[in-house]
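Colleague: Hi! Could you walk me through this protein while I have it open on my screen?
Modeller: Happy to, let me bring it up.
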Amino acid sequence: LLSHGAGFQLNPVLWSLVHEWRIALLLPLALLFRGQLGLLLALSLLGAGVARLAGMPEGWVTLGDSLAQTFAASAGLLPAFAAGAALALARLPQLDRAGAAAAAIAVVVMAMAAQDYGVIAASVLLILLAQAGGGFARALRRPLPLWLGRISYSLYLVHMPLLLALVHLLHGRVAPGVVAGLAIAGSLPAAAAMHRWVEQPSHRLARRLQGEGARVPAGLSSQAR
């Protein structure tokens, strides 16, 4: 658990969702930087700098202890979203064999460093590797990775509540490693169930509402004619 303010306890998924919802409101502005992706990344790093000056160190998982700090904490996550927007807007370079090998080595090194910016850079390189073809791309298209990808968001939402429930139920009764194993074993089917019964119906509802909103009412249509 992560403390916020005077001992208020938060599920880690909730703090990250708060930041994601805030930054999602800014994502349409990324279209203004089409063709100027370097400027987009620079501004996101400026936002991260604001977070550091406000006392939010890199990797500090928190919402902050005040309104100003909580928005500063959101600004600290801007580079990750800017990197994703840049990937969506850019024409991605094709890696040759040597470039792919260098990228794979860089991913391993950055993963061992366990720093936020290293993780962001490693994620970008993994996306480039996945689009380069070869054995890595073929492995990602196998049934198990595809299934894990489909349920990944639901897994992100359910794994921590399940882990915390098991910790409370089994604390002092079984070894921590057993609790972790049970959490992993239980999170996958729980995520699959949530994906099927909550996430997919929500997507279908959103598409239906979007389609209804796009339709022109009959009365207005006849008036236009």
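Modeller: One term before we start: a nonpolar core here is a set of buried Ala, Val, Leu, Ile, Met, Phe, Trp, Tyr and Cys residues joined through side-chain atoms within 4.5 Å. Also, please keep in mind that this is a predicted model.
Colleague: Good to know. Which residues make up the largest nonpolar core?
Modeller: There are 9 of them: L87, L92, A100, A103, V107, A122, L125, L128 and L129. Helices α5 (97-113) and α6 (116-131) each supply at least two of these residues, and α6 gives the most, with 4.
Colleague: Is there a second core, and what does that one include?
Modeller: A second, separate core has 8 residues, including L37, A82, A85 and A86.
Colleague: Back to the largest one. Is L125 buried or exposed?
Modeller: L125 sits in helix α6 and counts as buried because its relative accessibility is 19%, and the cut-off for buried is under 20%.
Colleague: And what does L125 touch?
Modeller: Leaving out residues up to four places away in sequence, L125 touches A103, A106, V107 and M110. L125 and A104 are 21 residues apart in sequence, with 7.7 Å between their C-alpha atoms.
Colleague: What about L92, which residues does that one touch?
Modeller: With the same sequence neighbours left out, L92 touches L87, L128 and Q131.
Colleague: Switching to the outside: which residues form a nonpolar patch on the surface?
Modeller: That would be L39, L43, L46 and V50, with about 350 Å² of accessible area together. L43 lies in helix α2, which covers residues 37-53.
Colleague: Why does L43 count as partly exposed?
Modeller: L43 counts as partly exposed because its relative accessible area is 39%, and that class runs between 20% and 50%.
Colleague: Zooming out, how many helices and strands are there?
Modeller: The protein has 10 helices and 2 strands. Along the sequence the pattern reads β-β-α-α-α-α-α-α-α-α-α-α.
Colleague: And how much of the protein is buried?
Modeller: Of its 225 residues, 26% count as buried. The accessible surface comes to about 14,500 Å², and 69% of that belongs to carbon and sulfur atoms.
Colleague: Last topic, confidence. What is the mean pLDDT?
Modeller: The mean is 85, and 88% of residues reach 70 or more. Over residues 1-8 the pLDDT is below 50, and this stretch has 17 contacts in the model beyond near neighbours in sequence. Residues 218-225 are also below 50, with 1 contact counted that way.
Colleague: How should I read coordinates where pLDDT is low?
Modeller: Where pLDDT is low, the predicted coordinates should not be read in detail.
Colleague: Thanks, that helps!

Notes: Residues are numbered from 1 along each chain as its sequence is written. This is a predicted model: local features need pLDDT of at least 70, side-chain atom pairs count only at pLDDT 80 or more; totals for chains, interfaces and linings use all residues. Side-chain values use heavy atoms; hydrogens and water are left out. Patches are made of residues with over 30% relative accessible area and no salt bridge: like charges are joined within 9 Å, nonpolar side chains (Val, Leu, Ile, Met, Phe, Trp, Tyr) within 5 Å. Accessible areas come from the Shrake-Rupley method with a 1.4 Å probe; for residues, only the protein chains shown count as cover. A salt bridge is a side-chain nitrogen of Lys or Arg within 4 Å of a carboxyl oxygen of Asp or Glu. Buried means under 20% relative accessible area, exposed over 50%, partly exposed in between (1.4 Å probe, protein chains only). pLDDT is the predictor's confidence in each residue, from 0 to 100. Contact means heavy atoms within 4.5 Å.
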